[in-house]
Amino acid sequence: MGWFSKLLVPDREKSKVPQGLWEKCPGCQRVIYKKDLEKNLWVCAQCGYHFKISARDRIDSLVEPGSFKEMNSNIGSLDPLEFTDTEKYCDRYKKARDKSKMNDACLTGTAMLGKNKAAIAVMDFFFMGGSMGAALGEKITLMTEFATENRLPLIIVSTSGGARMQEGIFSLMQMAKTSAALARHAKAGLMFISVLVDPTTGGVTASYSMLGDIIIAEPNALICFAGPRVIEQTIRQKLPEGFQRSEFLLKHGIIDMVVPRSEMHDKLEFILDFINSGERAVE
Amino acid sequence: MTETLQANLISLEEKLNEIDSQISKFKQISADEGIKLNEVVEILERRKLQLLDELDAWQKTLIARHKDRPLACDYINGIFTNFTPMCGDRHIMDDHAIVAGMAYLEGRPVVIVAQDKGRTTEEKVLRNFGMPHPEGYRKALRVMKFAEKFNRPIITFIDTPGAYPGIEAEERGQALAIAENLREMSQLAVPIIAVVIGEGGSGGALALSIADRILMLKYSIYSVISPEGCASILFRDAGKAPLAAAALKLTADDLYGFAIIDQIINEPAGGSHRDPKSTIENVKAALISNLDDLCRVDKNELLNGRYKKFRNMGVFCSFDN
């Protein structure tokens, strides 16, 4: 959990060479015209590399245009531990808020997919590595409870370095809180689709991300409990190629399907149509 | 590095031992010579407590991990009668990092699910140093569902560095196994008491801790990440573990202050390894009184109470924008 600091530098910042109009693909090293990338939902047309994208861009790519109605946007984290490492947590947090124009690492609300209304939560890796603190846990829980009360299907798109260490035990307890809310949603007979994108790790994986009736991953996303470096240090062995990637999880029976970004909307719409349409098998 | 960090605790233990031997020496002299030395003994006792009052989060972490600290099996043997183990997840294997089964607590039937790190080298290897694989969490859940089916309260003992980070563990869904325990435990319609007896290591500990009452031994710790892990990531230096331990606020006192846990169970001065018997008695008394309370609660109230308990964990704010 929380080994994500090395991943904190977003891809788009790592490839500093082409500035402005161009992006370098970390997958095939090709230099791509930025407008083309945007048109292609930030997926490399050559090698299929899925760039990390913000929660807002993700929502635009997933739901019917203009249908997203944000809820609970004001909720933000506090600093109950008064945590300081190389920097004060409250300063780090303020920077993240200023930079992202978000109050924490996810957006929640309702949206339409085709004819289906759904509750949706989308995480943002650019906000402190998508780490889960109390604000994020609260927003996911509120959205889940809203879905239960209004009998809505729930979609959560996860991307996270894990629990937010700076909030100590409170961050750990968000795993319990969100999972308990999902238990009630499931008990009400409602659908939860969990979408995992690169990377989904640690405490987020070990709670709501793995509790979907259907679990879908984007191609080649890192999805794990313990990060590869932690495992390598523990077992002192090089890890096999493709370990902990989407296709590896599919092969081992942990997730249902691997779906490229361009097809994600249609796949989600199909699943929601499937549960909302037709006759019940038993009345 | 670990050795120098460990030296901290050894010097403390030496000081405690010295005071203890002085106390017994004075008591002996007092008895032999018929002189009253109460005041001297009292001063020494006070000095000892002072020494312990000053224990920092890192020293408490070292006590929580002390090699002689009582393990789950010590509590099981010392508190319950007729413990009868249950084995396996019914799919892959029996994970010995989890000890589970049926037992009686003062004549009352209960189900126990515990993490045990192992005492001897062989035991440590067998129990994987208390780090469960997914099969361990599935075994735990299977046994807890058994408890629910037959309406028996569940008592869990928490003592793990964390869920095992390994290739097979990931292949077989470590995250999934933990997540399912969190979800299912929140719905189990029997009283659950969790006791943190040593290390409450992150998600691997939480997966057995969705309880109606969370109790912690005075010198145990419960944290989102180990001080070493936090130090190497956030402080960029694993040697800064003592600093990270303080920053994480992982002691029983901290967590009681945050209302995350319900009760601190007392330990003898310096840690339970200095007097396991009294600690085991303290745990037993705490279990009985908490179980008495919980068994009086109606099932719906119990489940709603558990939901609310975790629902309210977390401190956040509302911004104006």
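**First selection: the annotated cysteines of chain A**

Begin by selecting Cys25(A), which counts as buried because 20 C-beta neighbours fall inside 10 Å, and 20 or more is the cut-off for that class. The model on screen is a predicted one. Cys25(A) sits in the loop that joins β1 (22–24) to β2 (31–33) of chain A. Apart from neighbours within four places in sequence, the contacts of Cys25(A) are Arg30(A), Ile32(A), Cys44(A), Gln46(A), Cys47(A) and Tyr49(A).

Extend the selection to Cys28(A), Cys44(A) and Cys47(A): together with Cys25(A), these carry the feature "binding site" in an unreviewed UniProt entry. The four positions are spread over 23 residues of sequence, yet they cluster in space, with a largest C-alpha distance of 8.7 Å.

Now centre the view on Cys44(A), in the loop between α2 (34–39) and α3 (55–62) of chain A. Cys44(A) also counts as buried, with 20 C-beta neighbours inside 10 Å. Its contacts, once neighbours within four places in sequence are set aside, are Cys25(A), Gly27(A), Cys28(A), Ile32(A) and Tyr49(A).

**Second selection: α5(A) and α6(A)**

Display the helices α5 (134–149) and α6 (168–187) of chain A. Their axes lie 9 Å apart and the packing angle is about 5°. The pair is therefore roughly parallel, a term that applies to angles under 35 degrees.

How many nonpolar, polar and charged residues does the contact of α5(A) with α6(A) have? By class there are 7 nonpolar, 8 polar and 3 charged residues. To view this contact, show side chains on both helices. On α5(A), the residues to pick include Leu136(A), Ile140(A), Thr144(A) and Glu145(A). On α6(A), those taking part include Phe170(A), Lys177(A), Leu182(A) and Arg184(A).

Next, pick Ala134(A), which belongs to α5 of chain A. Ala134(A) is buried, since 25 other C-beta atoms lie within 10 Å. Computed along the sequence, Gly168(A) is 34 residues from Ala134(A), and in space their C-alpha atoms are 9.9 Å apart. Beyond four places in sequence, Ala134(A) is in contact with Ser77(A), Glu167(A), Phe170(A), Ser171(A) and Gln174(A), and also with Gly314(B), Val315(B) and Phe316(B) of the other chain. The latter contacts lead to the next stop.

**Third selection: where chain A touches chain B**

Select the residues of each chain that take part in the contact between the two: 53 from chain A and 47 from chain B. On the chain A side, β4 (75–77), α5 (134–149), α6 (168–187), α7 (202–205) and α8 (228–235) each supply at least two residues. Which element gives the largest share of that side? It is α6(A), with 14 residues. Colouring the chain A side by class gives 30 nonpolar, 20 polar and 3 charged residues.

Then isolate β4(A) together with β9 of chain B (residues 316–318): the two strands pair in the antiparallel sense over 3 bridges. Within this pairing, Ile75(A) stands opposite Ser318(B).

**Fourth selection: backbone geometry**

Most residues other than glycine have a negative phi, and most peptide bonds are trans. The following stops depart from that pattern.

In chain A, go to the peptide bond from Asp198(A) to Pro199(A), which is cis, with omega near -15°. Pro199(A) is part of strand β8 (residues 192–200) of chain A.

In chain B, select Asn151(B), a residue other than glycine whose phi is positive, near 55°. Asn151(B) lies in the loop from α6 (134–149) to β4 (154–160) of chain B. Is Asn151(B) buried or exposed? Asn151(B) is exposed, because 10 other C-beta atoms lie within 10 Å, and the class takes in counts of 12 or fewer.

Move on to Ser202(B), where phi is likewise positive and near 55°. Ser202(B) is in helix α9 (residues 202–206) of chain B. The surroundings of Ser202(B) hold 29 other C-beta atoms within 10 Å, so this residue is buried.

**Last selection: the annotated domain of chain B**

Finish with residues 36–293 of chain B, which an unreviewed UniProt entry annotates as "domain: CoA carboxyltransferase C-terminal". Over this range the chain is 45% helix and 19% strand. Placing a distance monitor between the end C-alpha atoms of the range gives 46 Å.

Definitions and conventions:
Residues numbered from 1 in each chain as written. Chains lettered and ligands numbered in written order. Predicted model: local features only at pLDDT ≥ 70, side-chain atom pairs only at ≥ 80, totals over all residues. Contact = placed C-beta atoms within 7 Å. Helix = DSSP H or I, 4+ residues; strand = E, 2+ residues; numbered from the N terminus. Nonpolar A, V, L, I, M, F, W, Y, C, P; charged D, E, K, R; others polar. Pairing = 2+ DSSP bridges. UniProt positions renumbered as here; feature names shortened; annotations may be inferred. Axes fitted to C-alpha atoms, helices over the stretch in contact; angles between N-to-C directions. Parallel < 35°, antiparallel > 145°, perpendicular 65-115°, else oblique.
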